[in-house]
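Work through the exercises below with the model open. Try each task before reading its solution.

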Amino acid sequence: MYEGYHFIGMHLAWWVFWATLIFWVFVTPYPIPGLRSKAKTPLELLKKKYASGKINKEEYLEKMHLL
């Protein structure tokens, strides 16, 4: 009756769905809650310590010079 043509559209839709999902999970740089997170660089960690007051200006400049 339909000669199989009514399945082609849905089959294509599933391929597009899975390709989009795989692209989103593995390629996008946005953090996904509960999964992997981007590692912070040593410079970012140093800036965070300085901003929170754990190290003073002299220590910050010394360590920044080393990096």
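The exercises go from the fold to the surface and then to the aromatic rings.

This is a predicted model, in which local features need pLDDT of at least 70, side-chain atom pairs count only at pLDDT 80 or more, and totals for chains, interfaces and linings use all residues. Residues are numbered from 1 along each chain as its sequence is written, and side-chain values use heavy atoms, with hydrogens and water left out.

**Exercise 1. Fold and exposure**

Task: list the secondary structure elements of the chain in order, and find what share of the residues is buried.

Solution.
- Step 1: set the rule. Helices (H or I, at least four residues) and strands (E, at least two) are DSSP runs, numbered from the N terminus.
- Step 2: count. The chain has three helices and zero strands. The order from the N terminus is α-α-α.
- Step 3: classify burial. Buried means under 20% relative accessible area, exposed over 50%, and partly exposed in between (1.4 Å probe, protein chains only). Of the 67 residues in the chain, 7% are buried.
- Step 4: take the area (Shrake-Rupley method, 1.4 Å probe; for residues, only the protein chains shown count as cover). The chain exposes about 6,600 Å². Carbon and sulfur atoms supply 69% of that area.

**Exercise 2. Two surface patches**

Task: name the residues of the positive patch and of the nonpolar patch.

Solution.
- Step 1: filter. Patch residues have over 30% relative accessible area and no salt bridge; like charges are joined within 9 Å, nonpolar side chains (Val, Leu, Ile, Met, Phe, Trp, Tyr) within 5 Å. A salt bridge is a side-chain nitrogen of Lys or Arg within 4 Å of a carboxyl oxygen of Asp or Glu.
- Step 2: assign charges. Lys and Arg count as positive, Asp and Glu as negative; His and the chain ends are not counted. Each charge is placed at NZ of Lys, CZ of Arg, CG of Asp or CD of Glu.
- Step 3: read off the positive patch. K40, K48, K49, K54 and K63 form it. K40 sits in the loop between helix 1 (8-26) and helix 2 (42-52). K40 counts as partly exposed because its relative accessibility is 48%.
- Step 4: read off the nonpolar patch. W14, F17, W18, L21, I22, F23, W24, F26 and V27 make a patch of about 990 Å². W24 lies in helix 1. With a relative accessible area of 45%, W24 is partly exposed.

**Exercise 3. Aromatic pairs**

Task: describe the W14 and W18 pair, then the Y50 and Y60 pair.

Solution.
- Step 1: apply the criteria. Rings of Phe, Tyr and Trp (its six-membered ring) pair if their centres lie within 6.5 Å; planes under 30 degrees apart count as stacked, over 60 as edge-to-face and the rest as tilted.
- Step 2: search. The whole structure holds four aromatic pairs. One of them, W14 with W18, is stacked, at 6.4 Å centre to centre and 25° between the planes.
- Step 3: locate that pair. Both residues lie in helix 1, four residues apart, about one turn of the helix. W14 is partly exposed at 44% relative accessibility.
- Step 4: turn to the tyrosines. The ring centres of Y50 and Y60 are 4.5 Å apart and the planes are at 20°, so this pair is stacked. Y50 is in helix 2 and Y60 in helix 3 (residues 57-66), ten residues apart.
- Step 5: compare burial. Y50 is partly exposed at 34% relative accessibility, whereas Y60 is buried at 12%.
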